[in-house]
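Work through the exercises below with the model open beside the text. Each task is followed by a solution in steps.

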Amino acid sequence: MKKPNSLGLPVINKLIGDRYKIGEMIGTGGMADVYIADDVRLSRKVAVKVLRSDLARDPAFVGRFRKEAFAAAKLNHPGIVAVYDSGEEPAPYIVMELITGHTLRELIHKGERVPLKRAIEIGEGILAALEYSHQSGIVHRDIKPANIMITDHGDVKVMDFGIARALADLGATLTSTWNVVGTAQYLSPEQALGEVADLRSDIYSTGCLLYEVLTGQPPFTGETPVAIAYQHVSGVLTAPSKIVPDLPAGIDTLLAVALAKNPDERYQSAGLMLDDLYKIKTGSAVTTKIAKPSISRRKLLIRAVSAMAGLAVLSAGFLLIRPSTDPSGLPQLPNVVGLSQQEAEVLLKDYVLTITRAPDARIPKDRVASQFPLATTRAQKGSGVVLTISNGPGDSIVPIDLVGMSLIDARTALSSVGLLVSATEAVPSDEQQGTVLKVTPEPGSTITAGTGVVLQIASGQVTVPSLIGIDALQAKTLLVQAGFLVKEVEGYDANQPIGFVIRQAPDAGVTQTIGKSVTITINTAPR
């Protein structure tokens, strides 16, 4: 018997739209599942992207999606993944050109430096596609490595035009369910501030992407999306030649213009940036002038503060705000795991909630299985919280994009589909410590909800925080954010408050390999 996914669409041999015979799943993410399919009318292979169930139930999104899918289908350019068709039964879907190859994200995560000539070719491919789409009146708004395909023949193709725009227009409560940490690295200052994003936002994002391809690192980094947004709005750009001294002189100028804070000081079209990239490729001088900043540093800092508040809403919970040791006075998030959705909504009435559902063998059906940020985290009122509601026991699919994530992001992604991290294996690697290198079972595998996944991560040493004398939930939050797994045992000390940590192993201050377990003894009254 065929096994349906969460939308009721059988994985194999289902005919949708009286035309597309669904084959195996070839990708999955927070937004949609992607299947290979046979177009029985034209006898060709296509890719069918089926929207996630919560998006499919939102009339506003479906209407916007229909309009944007229709607009994207009009784009006919060799550098753009073609959209052939769309439909809404049994769930909203789009039919796309089937590309064999890999994403630029996968290429970057290999850690190998891309040769200058190839990096320029990738930039040219993206800019040529954007110049065409902008002239057609379509702004992408989500240019990032995961949306750039490199075919087996080496061609560059940009994908997800219609979806990116539909999502951007829908607002914060839906964009939150994506990997905001990754997206924030390519976010223009105006997007971080919640302002209108036009074609110059695509140019900024392309500049971020090209900077990373050329230097091996993003132009701005931070531990949280808020920190990254702050850098985009007010941070000073490090010239690429400071990182890679042998880059042509024109690269510094090109990226300084593309990454100008003020959109008016950037390239005003993708074609203009493409012209300068061609000059660098042919050894000609780049004559474009770098505009003097028209915004004072003081104003930039004010805008940065606004960005921190704005992105807290945009990310709707995918921010790791400082835990309760932060003296900021912000309220602590209550623990709503195990409560009904209605009960949780009452306790979290001051926050923007994003509700997702996933199988979970540990939590009864229709109860909160997980929350993010974690309980006791201090979060500004109006910021976002993601709640995953249990569908009860069932099967879950191991997310396909775990490799390359940080340990904490991978844990969150697994939690959102009802899975756990059962163990980690730290191995020597050139990747940043805690980066996921391998997943067992394989990404894309279907396993029982509530079961564990083993993550192989890049090794590194982390200092164990001091946990004795603090609330158990706060202690678990600190451990998770530091990159440790948590083991809990019960003990009793009549001189200590119930529910607080009375012992820990290893001791505070000890350095331990990231991903290892820290045991906390929680003061529990004798039964």
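The exercises go from the whole chain to sheets, a helix and single residues.

The model is predicted; local features need pLDDT of at least 70, side-chain atom pairs count only at pLDDT 80 or more, and totals for chains, interfaces and linings use all residues. Residues are numbered from 1 along each chain as its sequence is written, and side-chain values use heavy atoms, with hydrogens and water left out.

**Exercise 1. Describe the protein as a whole.**

Step 1. Count the elements: there are 17 helices and 22 strands. Helices (H or I, at least four residues) and strands (E, at least two) are DSSP runs, numbered from the N terminus.

Step 2. Take burial: 50% of the 527 residues count as buried. Buried means under 20% relative accessible area, exposed over 50%, and partly exposed in between (1.4 Å probe, protein chains only).

Step 3. Take the surface: about 23400 Å² is exposed, and carbon and sulfur atoms supply 53% of it. Accessible areas come from the Shrake-Rupley method with a 1.4 Å probe; for residues, only the protein chains shown count as cover.

Step 4. Take the contacts (heavy atoms within 4.5 Å). Among those between residues at least 6 apart in sequence, 70% join residues at least 24 apart.

**Exercise 2. Work out the sheet that contains β7, and find what packs on it.**

Step 1. Order the strands: β7-β8-β9 form an open sheet with antiparallel pairing. Two strands pair if DSSP finds at least two bridges between them.

Step 2. Find the edges. β7 (101-103) and β9 (156-158) each have a single partner strand, so one side of each lacks a neighbour in the sheet.

Step 3. Add the twist: on average, neighbouring strands are turned by 30° against each other, direction ignored. Axes are lines fitted to C-alpha atoms, for helices over the stretch in contact, and angles run from 0 to 180 degrees between N-to-C directions.

Step 4. Add the helix: α4 (residues 116-135) packs on this sheet, touches β8 and β9, and makes about 40° with the direction of β9.

Step 5. Check one pairing. Three bridges join β7 to β8 (residues 148-151) in the antiparallel sense, and G101 has T151 as its bridge partner in β8.

**Exercise 3. Is T103 buried or exposed, and which residues does T103 touch?**

Step 1. Place the residue: T103 belongs to strand β7.

Step 2. Apply the cut-off: the relative accessible area of T103 is 15%, so T103 is buried.

Step 3. List the contacts. Leaving out residues up to four places away in sequence, T103 touches P145, A146, I148, M149 and M159.

**Exercise 4. Work out the sheet that contains β10.**

Step 1. The order is β10-β12-β11, an open sheet of three strands with mixed pairing.

Step 2. β10 (352-358) and β11 (368-372) are the edge strands, each pairing on one side only.

Step 3. The average turn between neighbouring strands here is 20°, direction ignored.

Step 4. β10 pairs with β12 (residues 384-390) in the parallel sense over seven bridges, and T356 stands opposite T388 in β12.

**Exercise 5. Which residues of α17 are buried, and what covers them?**

Step 1. In α17 (residues 472-482), the buried residues are A472, Q474, A475, T477, L478, L479 and V480.

Step 2. Their cover includes α16 (407-416), β19 (485-491), β20 (501-505) and β22 (517-523).

Step 3. After the helix comes G483, with a positive phi near 100°.
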